[in-house]
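This briefing concerns a structure prepared for a computational chemist. Two topics are treated in turn: the overall form of one chain, and a local strand arrangement in another.

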Amino acid sequence: MASAACPPAQEQRIALGDALVRLGKEYPQLVVLSPDVSLSTRAIKFKAAYPERFICTGISEQNTLGMAAGLSTTGWLPLVAGYAMFVAGKAWEPLRNSVAYSGLNVKIVATHAGINVGPDGVTHQAIEDIALMRAIPGMTVLAPTDANQVEPVLRAALEHNGPVYVRLERAAIPALTDPGSPFAVGDSLTLRDGTDATVFGLGGMVAAALEAAEQLAAEGIRARVVSMVSIKPLDEAVVVRAARQTGAIVVAEDHNRCGGLGSAIAETLARLAPVPMEQVALPDVFAESGPAHALYVKYQLTTEHIARAVHTAITRRIQAGRDVP
Amino acid sequence: VTRAASAAATGYATLAERARRMRRHIIRMTSHAGSGHPGPSFSPVEILASLYFAELSLDPQHPDWPERDRFVLSKGHAAPALYAALHEAGFFCEETMLTLRQVGSLLQGHPHVKTPGVDATTGSLGLGLSQAVGMALGVTMRHSRSRVYALIGDGECDEGQIWEAALAAAHFRLGNLVVFVDHNGYQFDGPVEEVMRLAPLADKWRAFGWRVEEIDGHDFEQILGFLERARHSADQPSLAVASTVKGYGVSFMAGSQEYHARSLTSEETQRALIELEGPAQAPAKTGDGG
């Protein structure tokens with residue numbers, strides 16, 4: 001989806017493998033559990049560097065989360081790296097009951113989130129994982145903007161005492177952040193300022209939102225673009241400010257429209273600053289197999305859909321008679 | 001009679017006294033709470049008494065002592081039995097014990113790690129054994145001599161995660177992991193063999209790579225013998241299929257499915273406590289030290 005103007009695209013999982021090797025040195029108590037997907041998640045790099053701290057758990061996500069819980073009570077810092085569909089979906093209950101309810105210091109890095117997984121099809125396209133994760137009390141839910149932000153986000157996850165879910169996507173994402181830019185749990189990242197509307201994006205959709213903002217600028221619409229790296233806890237201050245300053249909100253995410261970032265932001269808006277909000281998200285349907293870009297076109301997750309949603313949100317704001325300074 | 005046999009007999013008598021007191025605690029706790037699982041809490045009492053008073057290396061003054069042995073009650077609905085053992089071992093006082101299932105209590109309906117002495121949060125069946133496997137692997141990777149014990153239910157063996165954990169424990173050669181199956185033969189909906197056939201249960205565990213014994217789960221000699229032999233297993237997890245009786249220890253509860261998930265009425269409570277009165281139970285009517 002990257003246009004010619006976009007910076008080079010990188011896969012987040014490549015960054016994951018490299019980051020784990022560096023973090024393994026800094027955190028001697030870090031152990032990585034892999035439910036038979038280390039080649040794909042690139043956790044294999046950690047295995048090569050620290051074989052004694054790498055645990056292949058076979059195709060058993062539930063047991064993997066349970067083992068991570070047990071390991072965390074014996075002085076280790078367990079990180080489970082697996083596919084979002086299975087670590088968030090299949091292993092949801094052990095994660096909820098064995099890890100989160102106990103407040104254990106376990107990190108879950110979920111790769112292959114969203115329909116950008118593409119050809120593998122619906123069984124591998126996690127479009128509910130954010131909803132599942134953010135509904136658990138005490139969970140921290142993070143989604144890096146690009147490959148460069150994977151390591152800072154992982155570092156913040158390791159520094160945070162308690163369960164953290166880090167959501168990564170399969171498709172390559174244009175590099176939008178500088179490697180090594182600091183990140184703390186709860187941070188958002190404003191990448192473009194604007195006063196007419198605000199697009200809150202997640203992961204790879206942030207790049208699309210920036211492209212949309214560029215197109216809108218040609219029409220005289222100044223759209224703010226914010227990457228909501230921290231889905232939970234949410235940067236409520238930046239949401240409220242966007243509502244008050246721009247009065248029209250769009251949330252773009254590769255996730256079902258139920259329960260994801262859109263829902264999180266809507267909850268904040270409804271409580272603190274109600275303004276028109278549009279969603280660019282899976283329209284509560286299962287997708288299908290296909291190249292990621294073709295799926296984004298069919299299931300309405302493109303730059304054009306974001307631009308259209310911005311128009312709609314602004315129109316609704318005007319119809320409601322709201323003026324924005 | 002050899003001196004060793006005599007010492008053993010004294011030890012069994014001491015454990016039997018612990019078990020009797022634990023059953024009184026269980027009745028008083030669940031009756032006071034007005035809910036809970038007294039029947040399934042009774043079947044593993046001899047196993048828990050053996051673990052807490054003859055096997056586990058613990059420090060009630062320092063419940064989080066890193067070198068302690070761990071115990072995971074995977075069949076978390078037997079929480080009252082665990083709390084009874086922890087109270088007897090000195091992890092919390094009687095006043096605390098009687099707050100079971102009340103708002104603000106340290107003692108949740110099913111075990112949670114916030115309770116002193118509780119090593120794993122359990123209650124959703126099938127989830128405990130995996131945590132025990134993680135602990136056993138974790139202490140092994142630290143070159144610690146800590147050992148990890150778990151108790152699972154027979155009905156709980158319906159859960160797929162149990163068998164994922166069974167594979168992993170054998171695969172990682174966890175000789176420091178010791179598991180009891182509380183084989184009381186009943187689950188919520190009926191006899192385990194009718195609800196979901198488990199037999200031959202011991203063979204299934206053997207096939208998964210475990211060192212397996214079949215014992216009487218109310219016989220201290222057999223329980224302690226199994227624990228002793230498990231200590232000599234270098235790289236194989238050990239498991240006892242322990243035949244037990246639900247409600248064991250009180251005549252009208254033994255073998256009855258009635259008390260799986262309800263507490264006793266006040267009349268039943270009195271009858272049970274009278275049956276469980278020990279030789280030195282004179283002050284029982286004044287509130288009971290039990």
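**Briefing on chains A and B**

Chain B has an accessible surface of about 11600 Å², and carbon and sulfur atoms account for 52% of this area. The model is predicted. Chain B is described as a whole below, followed by a parallel strand pair of chain A.

**Chain B: composition and dimensions**

- Eleven helices and seven strands are found in chain B.
- The radius of gyration of chain B is 18 Å, which agrees with the value near 19 Å that a compact globule of 290 residues would have.
- Along the principal axes, the C-alpha atoms of chain B fill a box of roughly 55 × 45 × 45 Å.

**Chain B: burial and contacts**

- Of the 290 residues in chain B, 57% are buried, where buried denotes a relative accessible area under 20%.
- When contacts in chain B between residues at least 6 apart in sequence are considered, 75% of them join residues at least 24 apart.

**Chain A: strands β13 and β14**

- Strand β13 (residues 249-256) of chain A runs parallel to β14(A), and five bridges join the two.
- Within this pairing, Val250(A) has Glu278(A) in β14(A) as its bridge partner.
- The connection from β13(A) to β14(A) passes through helix α11 (residues 261-272) of chain A, forming a right-handed β-α-β crossover.
- Strand β14 (residues 277-282) of chain A is mostly covered, with five of its six residues buried.

Methods: Residues are numbered from 1 along each chain as its sequence is written. Chains are lettered from A and ligands numbered from 1 in the order in which they are written. This is a predicted model: local features need pLDDT of at least 70, side-chain atom pairs count only at pLDDT 80 or more; totals for chains, interfaces and linings use all residues. Side-chain values use heavy atoms; hydrogens and water are left out. Buried means under 20% relative accessible area, exposed over 50%, partly exposed in between (1.4 Å probe, protein chains only). Helices (H or I, at least four residues) and strands (E, at least two) are DSSP runs, numbered from the N terminus. Two strands pair if DSSP finds at least two bridges between them. A crossover is right-handed if, with the strands pointing away from the viewer, the path from the first strand over the helix to the second runs clockwise. The radius of gyration is taken over C-alpha atoms; the globule rule is 2.2 Å times the number of residues to the power 0.38. Contact means heavy atoms within 4.5 Å. Accessible areas come from the Shrake-Rupley method with a 1.4 Å probe; for residues, only the protein chains shown count as cover.
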